[in-house]
Amino acid sequence: MLVYLRVLKESFGFAVNALKNNKLRTFLSLVGVTIGIFSIIAVLAAVDSLKREIEGNISSLDKSTIILSHFSFGPTDVPRWKRDQFPMVTYEEYQYLESNVPNLDYATYTLNVPNETVKYGDNQISDVPIGAVTDTYYYIEALQLDTGRFFNGAESNSGSMVVVVGYEIAQKLFGGSQRAIGKEVRIYGRKFNVIGVLEKEGAGLFGGSKDTSIWMPVNIVRRMYGDNNKSTFPQIVIKPEKDIDNEEFIALLEQKLRLKRGTKPGEVNTFFVNQLQGFADLIDNITRQMNFIGLIISGFSLLVGGFGIANIMFVSVKERTNLIGIQKSLGAKNRFILLQFLFEAVILAVIGGLIGLVLVFFVSLLASQFTGDFEFVLSPWNMFIGTAISAGIGLISGILPAISASKLDPVEAIRTGM
């Protein structure tokens, strides 16, 4: 064990001397490893951060949540011309499913409408997202209120002129969430009473924060847009009870909606059952592909770096031929010489890798400053991967020079080195 520690210490010394005595040559050799590790870890960190951001945006929804609509969230075998003929889900179908599907925890009906301008006195905010939903949306999304309340079932069914606003809306229009309750804002040319303000959420990478949105009872919007307006993209969002068979629940849900629509046996569904779990799986698949593509591209940089390390090690063997001969003449075994150069190659590669990791760290800090609330994360696991890849590149690049050094004849080595 002590022998290996001594070999490691000597190899580290040779590596440091190579850095000191041949700065330019070593620098050029390590650039490839540094760039390669930087590229790989930057890709892994960016994809991990993006995945964490997307999952954070949908974390308020249970992955068992089901969304019924006339369009699919993912790939489908149904041809485009046939999908275009599917009728939109209706408010009546939402009421029917809510009353007739067992093991249903909550269901909500939502419409996606164009952004609007919101006014209060002389203050106004343009391009505000409007959420037209039923009262149960509050429970499905697990919303958190800063002050006030969400509209109730009676207000939702009757289409009362009430709204719940995001935190930033309250700050810009009223100067604070506490001042918002009871105020009247003008939307669609009509007056709405503010009854609640949501807690501050923060902006995501893709925008769409609840802080800048407003929610109102869906029946108000239905009266303005009608039930056959394709631009509203109606959806029925359903949250089943916990600890039930999801496949059986979906089968029953499809049966009920087919019965409501009068779909005959053998005919395909005229609606799509979209699951958040499927969406989460799609995200995992996309991130895996992004990681794979990024690793392939970054691998070319590592290949160049590996050749650089191999080159500097062959030069090192040439420069220390005389020393190798002296070591062998004093009884050093081939294994000792082999490990000495292997350790040196690994140490040089790890140094290049650590430089790449430091660059990624500073870039991640800089990126987090310019992307608002999006957090660019360099995880310990990615740092471990970078260090391990660096060591692996050093091991692979140094194996041939190390073997050539270990097989030198001591007499020839001393004569050649003189």
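Colleague: What makes the link between the side chains of Asn-274 and Ser-69 a polar contact?

Modeller: A polar contact needs an N or O pair within 3.5 Å, one able to donate a hydrogen and the other to accept it (residues adjacent in sequence count only if both atoms are side-chain atoms). This pair sits at 3.3 Å, so it fits the 3.5 Å limit. Mind you, this is a predicted model: local features need pLDDT of at least 70, side-chain atom pairs need 80 or more, and totals for chains, interfaces and linings use all residues. Numbering starts from 1 along each chain as its sequence is written, and side-chain values use heavy atoms, without hydrogens or water.

Colleague: Why does Asn-274 count as buried?

Modeller: Buried means under 20% relative accessible area, exposed over 50%, partly exposed in between (1.4 Å probe, protein chains only). Asn-274 has 6%, so buried it is.

Colleague: And which residues is Asn-274 in contact with?

Modeller: Leaving aside neighbours within four places in sequence, they include Thr-65, Ile-67 and Phe-71 (contact: heavy atoms within 4.5 Å).

Colleague: Why are H4 and H9 called oblique?

Modeller: Helices are DSSP runs (H or I) of at least four residues, numbered from the N terminus. Axes are lines fitted to C-alpha atoms over the stretch in contact, with N-to-C angles from 0 to 180 degrees. H4 (residues 91–100) and H9 (residues 246–261) pack at about 135°, axes 10 Å apart. Under 35 degrees is roughly parallel, over 145 roughly antiparallel, 65 to 115 roughly perpendicular, the rest oblique. H4 and H9 are therefore oblique.

Note on methods
Helix = DSSP H or I, 4+ residues; strand = E, 2+ residues; numbered from the N terminus.
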